[in-house]
Structures are given as C-alpha cells and as structure tokens.
Amino acid sequence: MQLDKQVKKLGLIINPWAGVGGPAGLKGSDGAEAVAQALAAGIEPQSHKRAAIALEALAPFRAQLELLCFAGDMGTDTARALGFSVNEVGAADSSPSTPADTEKAAKAIRDAGADLIVFIGGDGTARNMVNALGEHFPVLGIPAGVKMHSACFAISPKAGGEVLRRLMSGQLVDLCEREVRDIDEQSFRQGRVSTRYYGELLVPQEGHFLQAVKNAGREVEELAVADIAAEIVEELDPGTLYIVGPGSTTLAIMNELGCKGTLLGVDLLIDGALQQTDVGAPQIEAAIAAHQGPIKILLTAIGGQGHLIGRGNQQFSARVLREVGRDNLMVVATKTKITELGGRPLLVDSGEPELDRDWSGFIRVVTGYRDAILYPLSNGEV
C-alpha cells in the first residue's frame, strides 16, 4: 500500500470505553454494566491517550492530512486537540456510544473517501470493523482493549504510529488479511476461555509491528509447567508480597502451593498463602502501599503474541509497575512458548511509552527446574 502525494484522508474511530474494564479486573469492557463498574472503581479510560500516542507519529504530516471522524469522544475531540484538520462526517446515536455507532462510523468514514481507517479499541471493535467493512477495506487497529486475541492490531500504539508514518512517507507497505477473533466475556469472567473466529480484515503489515493471533486451547505441557512451578516455589522469599498474573503457568505455581488461584485474574500471595484473589489495579496499589516488605510481580507471556504486559493483565497499571520496579519482575514460560515466537521478543505495552522503553532489554525467564534463559523484552520500537 502506498498513499498518493495529495492531501490524504485518514479515518479515525475511537471506542471511548475500550479496555476500561481491564485495570478493574473485569476481564473486559463489553456492556454498560462493565463500564459503569470500572468507572465506579475509579478507573480512567485510556483509549484517547493511546490514540494520541499513535497519532504523534503523524505530526510532521499535519498539512497533508485530513482526519475523517465522528463527533466528540469517538474521534473529533482527540484529533482536534492534536492539531489535525478534521472532517466530521457524523455522530453517534447514543451516549455513551455503542457497537452500532462504531459500525455506523466505519461505513460513513469509508463512504466519505478515507484511504485507511485507524480504529482504537479491542477485539469487539475489530468485530465491528468486520461487520461494517468486510475484508477489502484497509484498516489498522491500535490496541486499547483487554483481551486482544485478533491479529489486526499493532503490537502497541507507538508501533501503530510507525506503520502510519511509513505509509505517509511514501514507503511501500504490504496489505494482508489478518484474522479477527473474540472471546465470550461472560464465560471469560467465569474462568472459561472460548475464542471464536469472526472474519478477516485487510491490514497494512510492516515488519514486526503487528501482533500475532493469540494461541488458545493448545495442549498444556504439563511436565514443563510442573518443573517451572517447582522452581518458582523454591525461589519464593518469606515476607515478600507476590502479585501473581493470569495464565495457566502461573496458576500451576499456585496449585503447587496448594492455593486456589484464578486462571484469568491477578492474585496476591505472601508466605505461600493467598491474601486476595482476582484483584484490580486499585486493590493492588492499596496492597503495595500497605505492605512493609519486598514486593515482586510474577508473570507469564501470552502464547503466540509474546505480550508480557498489556494484554489481559491491565491490572498491572503503569503506577503498579513503577512501584514494584523491573528488577522485581519474575517471568515464567515454557521453552515451547518461547520457541513459538520465532525469535520475536517478549513485549511490553503498559500505555506509558517511557516506561515501556525503560523496561526494554534482556530479562530472565524461568523455563524449567534449575533452568532459565535471558530473552529480549521490547516496547516494539525499531
């Protein structure tokens, strides 16, 4: 794909509530009830901030760009705040906006002559793009959701901005069909992972800037995971608060300790005993403030994608990560999961580009009993 030299029309669609349920530990943001719960817990929406990070890369091209948007928080407000020329092509029918409004915006922006639509949201928003546009109109997803199983998203807002910058610079960028998947949030909140294929989207693909589809449902390597669990249990220090992230590997560690942890949530552990289960960012921050001893975070990566931070574990807010510190991060993954990355790094997308940059570098990954490797952790920049 290569945009011509005249003024270019870029569509912008923001799902204002995407991802708001993640830091609250709700494992999704679908539905007005989940949004209301998250807001009541003091969670601030992040999708506009993530849109701004992506669009920063286009600042040198403002004079050549016209952004096609829906009114208010679906696009116009953010675009104008960043100094872009805006053509407002419509408005949501509801407040707050709904998936139907997202699909209406996509069709209106396409019909107004957009060259490409950039959407900020999660898997549900990607489904809206499939419904509205099919697989023949180019789009690019900027990740702002919780689950993020689909392959139509950049690995981070900054990486998405780099793809857009290359397009605007006249570089040739391949277009390819990328899979859209989504999960049943009600089942997910009950600890059951069930993803479904919804279609394909046409996406500009450039280097390592797009994420892969999340591996789900593959056979767990029981022996390798058991070895990792045995190693971590031996490494646990007395009096330390462990903030244990979601995943089957971390759950195996909890099981090794005889604790009933949560597969898809974040648990708090001290001296081998559960303190709280399935907590959100506010509860984690309170526990950190109250604890007098050392604090560590225990995480595993998402299979296939390699995201360590920022997919399905937004309970680890930037504030939590800063308080605990990179040196107190414990990472576990089987060698099969690492090998499946094909040399791609583990990824950090906290929503704070400076933190992501600071946390990049090689990190120790426990891969078995008395077995660990050094592996790169990246914010997705070149």
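For the cavity described further on, Ala, Val, Leu, Ile, Met, Phe, Trp, Tyr, Cys and Pro count as nonpolar, Asp, Glu, Lys and Arg as charged, and the others, Gly among them, as polar. With that in hand, let us walk through this predicted model.

## The chain as a whole

The chain carries 13 helices and 16 strands. Of its 382 residues, 55% are buried. Among contacts with a separation of 6 or more, 69% link residues 24 or more positions apart. The accessible surface amounts to about 15,200 Å², and carbon and sulfur atoms contribute 48% of that area.

## Two nonpolar cores

In soluble globular proteins, nonpolar side chains tend to be buried together. Here the largest nonpolar core gathers 55 residues, and Ile-13, Leu-58, Leu-67, Phe-119 and Leu-201 have the most contacts inside it. Apart from that core lies another, of 33 residues, with Ile-243, Leu-321, Leu-329 and Val-365 among them.

Ile-13 is a good place to start exploring. Leaving out residues up to four places away in sequence, Ile-13 touches Met-74, Thr-102, Ala-105, Ala-106, Ile-109, Ile-117, Val-118, Phe-119, Ile-120 and Met-129. One of these partners, Phe-119, also belongs to the group with the most contacts inside the largest core.

## Helix α2

Helix α2 spans residues 47-55, and Ser-47 is part of it. Because its relative accessibility is 0%, Ser-47 counts as buried. Beyond residues up to four places away in sequence, Ser-47 is in contact with Ile-14, Asn-15, Pro-16, Trp-17, Ala-18, Ile-120 and Ala-144. Ile-120 also appears among the residues that Ile-13 touches.

How much of α2 is buried? Seven of its nine residues are, so the helix is largely enclosed by the rest of the structure. The buried residues are Ser-47, Arg-50, Ala-51, Ala-52, Ile-53, Ala-54 and Leu-55; the charged Arg-50 is included in that list.

## A cavity with a charged lining

The structure contains three cavities of 30 Å³ or more. The second largest has a volume of about 70 Å³. Its lining is formed by Ile-53, Ser-156, Pro-157, Lys-158, Asp-349, Gly-351, Glu-352, Pro-353, Asp-356, Asn-379 and Glu-381. By residue class, the lining of this second largest cavity splits into three nonpolar, three polar and five charged. Helices α6 (157-168) and α13 (353-359) each provide at least two of the lining residues. Ile-53, also part of the lining, is one of the buried residues of α2.

## Backbone details

Most residues other than glycine have a negative phi, and most peptide bonds are trans. A few places in this chain are worth a look against that background.

A cis peptide bond, with omega about 5 degrees, joins Ser-95 and Pro-96. Pro-96 sits in the loop between β3 (85-90) and α4 (99-111).

Two residues with positive phi are set side by side below.

| Residue | Phi | Loop | Relative accessibility |
|---|---|---|---|
| Asp-271 | near 50 degrees | between β9 (267-270) and β10 (273-276) | 55% |
| Arg-370 | about 55 degrees | between β15 (361-368) and β16 (371-378) | 56% |

Are these residues buried or exposed? The cut-off for exposed is over 50% relative accessible area. Asp-271 therefore counts as exposed at 55%, and Arg-370 is exposed with 56%.

Conventions. Residues numbered from 1 in each chain as written. Predicted model: local features only at pLDDT ≥ 70, side-chain atom pairs only at ≥ 80, totals over all residues. Heavy atoms only, no water. Helix = DSSP H or I, 4+ residues; strand = E, 2+ residues; numbered from the N terminus. Buried < 20%, exposed > 50% of the residue type's maximum accessible area, 1.4 Å probe, protein only. Core = buried A, V, L, I, M, F, W, Y, C linked by side-chain atoms within 4.5 Å. Contact = heavy atoms within 4.5 Å. Areas by Shrake-Rupley, 256 points an atom, 1.4 Å probe, with all protein chains shown as cover. 1 Å grid on protein atoms, 1.4 Å probe; cavity = no way out; pocket = protein on both sides within 12 Å on 5 of 7 lines; lining within 4 Å. Points joined across faces, edges and corners; volume = space filled by probe spheres on them.
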